[in-house]
Amino acid sequence: MTAMPQLLTDLHAVTMAGGDAPYGMIRDAVIAIQDGKIAWVGPQTEVPEEFAGLDQRSLGGRVVTPGLIDCHTHIVHGGDRAVEFEMRLNGASYEEVARAGGGIVSTVKATRAASESELLQLALRRVDVLIAEGVTTIEIKSGYGLDAETELRMLRVARAIAEQRPIRAKTTFLGAHATPAEYAGRDDDYIDEVCIPALRAAHAEGLVDAVDGFCEGIAFQPAQIARVFDVAQELGLPVKLHAEQLSNLGGAKLAASYGALSADHIEYLDEDGVKAMAQAGTIAVILPGAFYTLRETQQPPVELLRKHNVPMALATDINPGSSPLNSLLLTMNMGCTLFRMTPEEALRGVTQNAAAALGLTDLGTIAPGQVADLAVWDIAEPAELSYRIGFNPLAFRITGETA
């Protein structure tokens with residue numbers, strides 16, 4: 001069904017587009033929407049004649065931003081890891097938990113045991129919380145199956161979420177997330193016998209929008225990730241990478257060499273890696289939920305990213321182990337409080353730059369030609385979105401399908 005054209009009036013537009021004003025803000029603005037897309041945005045006193053006759057909808061003086069985008073989630077999974085959370089609080093490190101059979105592998109067991117319907121219902125509960133905070137687009141990774149059957153099941157659930165809820169979902173194949181117990185000590189065999197064939201099968205079924213991996217001492221080495229990325233390149237799929245989270249193996253430089261959409265976590269990223277990302281146009285995805293949960297002390301190199309003009313995105317990293325964080329608004333606050341990002345950087349990190357981290361060019365700003373995915377807020381200034389803790393000022397969302 002085609003959405004009816006309309007003119008949104010009596011609002012303050014936080015466009016996140018170009019211009020001299022912070023946040024690209026236009027006060028006392030109007031947004032014209034046609035065919036589910038933004039046709040015009042500007043001051044109320046300058047509405048073009050061609051849009052003056054559209055049905056008007058007053059937003060009561062509210063602030064409007066682009067719909068929020070959570071560009072890194074593991075939202076489809078079975079079980080939880082509350083016991084491991086307790087272990088870490090009693091002194092065990094993330095690596096110790098993983099090497100003891102916990103971590104990702106424990107979630108694999110629960111996810112393999114869950115049916116497609118069970119995984120969907122669990123995921124929808126998490127998605128509903130994000131929708132209630134103004135999120136209109138999410139990325140969803142596989143990676144808790146580590147066998148072809150379950151990896152494909154997770155990706156089918158990810159596709160189904162967008163059919164069950166008014167949200168856009170981008171899927172990412174993360175077969176190179178960990179080595180399952182049945183392949184312990186045989187990482188290369190797992191990559192060749194399970195991960196790559198599962199990627200080909202998922203692509204053939206139309207389930208994959210991008211390919212990811214976990215490049216880390218407790219996961220996979222750069223050369224192993226490169227073999228997966230070679231197949232992604234062959235299939236015409238963009239790549240992204242969990243890189244430099246616990247150590248510096250050069251994962252970000254590897255990702256950049258493949259023209260990656262993003263390198264994510266990056267606490268241990270050095271300046272050479274930042275320069276490589278800048279040259280490749282790779283987005284830095286900052287994940288404060290994992291930093292906070294793991295009680296990490298090494299901060300991502302925000303100043304270096306600014307110095308070399310690498311765009312920064314923010315995401316929840318929703319997962320049962322290292323980031324059981326189900327709030328993108330809290331993520332914005334954490335990015336500012338923990339890493340000294342500015343509120344404008346935080347908002348850009350969940351709109352314009354988050355869209356770029358997913359390879360999306362039709363979202364993330366309020367500008368002509370963009371999909372009319374918007375979040376309408378009961379706030380006076382956009383900085384409030386990063387400032388408050390545990391408070392949700394969303395009035396409602398508008399999406400291109402319902403505008």
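In this predicted model, strand β6 runs parallel to strand β7 (residues 168-176), and 5 bridges join the two. One pair of facing residues is Glu139 and Lys170, the latter in β7. Strand β6 spans residues 135-141. A second neighbour is strand β5 (residues 68-70). Strands β5 and β6 also pair in the parallel sense, here over 3 bridges. Within this pairing, Ile69 stands opposite Thr137 of β6. How many of the 7 residues of β6 are buried? The count is 7 of the 7, so the strand is largely enclosed by the rest of the structure.

Antiparallel pairing is found among strands β1, β2 and β3. Strand β1 (residues 6-14) is joined to β2 by 6 bridges, and the two run antiparallel. Ala13 faces Ile26 of β2 in this arrangement. On to the next pair: β2 and strand β3 (residues 37-43) are likewise antiparallel, with 6 bridges between them. Gln34 has Lys37 of β3 as its bridge partner. Strands β2 and β3 form a hairpin, with 2 residues between them. One residue in the turn, Asp35, has a positive phi of about 55°.

The protein is divided into two parts: domain 1 (6-67 + 365-398) and domain 2 (68-357). The contact between them takes 25 residues from domain 1 and 24 residues from domain 2. Their C-alpha centres lie 31 Å apart. The two domains bury about 1800 Å² between them. Carbon and sulfur atoms account for 59% of that area. Which residues of domain 1 lose the most area to domain 2? They are Met16, Ser386 and Arg397. Together these three make up 36% of what the domain 1 side buries. Salt bridges are absent from this interface: the rule finds 0 between domain 1 and domain 2.

The structure as a whole holds 21 salt bridges. One of them joins the side chains of Arg27 and Glu381, at 3.0 Å from N to O. Arg27 lies in strand β2 (residues 25-34), and Glu381 lies in the loop between β13 (374-377) and α16 (384-387). The pair therefore ties together parts that are 354 residues apart in sequence. Is each partner buried or exposed? Arg27 counts as partly exposed, at 42% relative accessibility. Glu381 is also partly exposed, at 37%.

Another salt bridge links Glu271 with Lys307. Their closest N and O atoms are 3.0 Å apart. Glu271 belongs to helix α10 (residues 271-280), whereas Lys307 belongs to helix α12 (residues 302-307). This pair therefore ties together parts that are 36 residues apart in sequence. Glu271 is partly exposed, with a relative accessible area of 27%. Lys307 counts as exposed, at 53%.

Arg388 and Glu384 form a further salt bridge, at 3.7 Å from N to O. Here Arg388 is partly exposed, with a relative accessible area of 34%. Its partner Glu384 is buried, at 18%. Salt bridges can also share partners, as they do in the network that joins Arg112, Asp147 and Glu182.

The cysteines were examined next. A disulfide is a covalent bond between the sulfur atoms of two cysteines. How many disulfides does the structure contain? The count comes to 0. The cut-off for such a pair is a sulfur-to-sulfur distance within 2.5 Å. Two cysteines illustrate why the count is 0 at their positions. For Cys195, the closest cysteine sulfur is that of Cys215, at 13 Å, which is too far for a bond. Cys195 is itself buried, at 1% relative accessibility. For Cys336, the closest cysteine sulfur is in Cys71. That distance is 15 Å, so it is again too far for a bond. Cys336 also counts as buried, with a relative accessible area of 11%.

How values were computed: Residues are numbered from 1 along each chain as its sequence is written. This is a predicted model: local features need pLDDT of at least 70, side-chain atom pairs count only at pLDDT 80 or more; totals for chains, interfaces and linings use all residues. Side-chain values use heavy atoms; hydrogens and water are left out. Buried means under 20% relative accessible area, exposed over 50%, partly exposed in between (1.4 Å probe, protein chains only). Helices (H or I, at least four residues) and strands (E, at least two) are DSSP runs, numbered from the N terminus. Two strands pair if DSSP finds at least two bridges between them. Domain bounds come from an automatic or database domain assignment. Contact means heavy atoms within 4.5 Å. Buried area is the accessible area (1.4 Å probe) that two parts lose on being put together, summed over both. A salt bridge is a side-chain nitrogen of Lys or Arg within 4 Å of a carboxyl oxygen of Asp or Glu.
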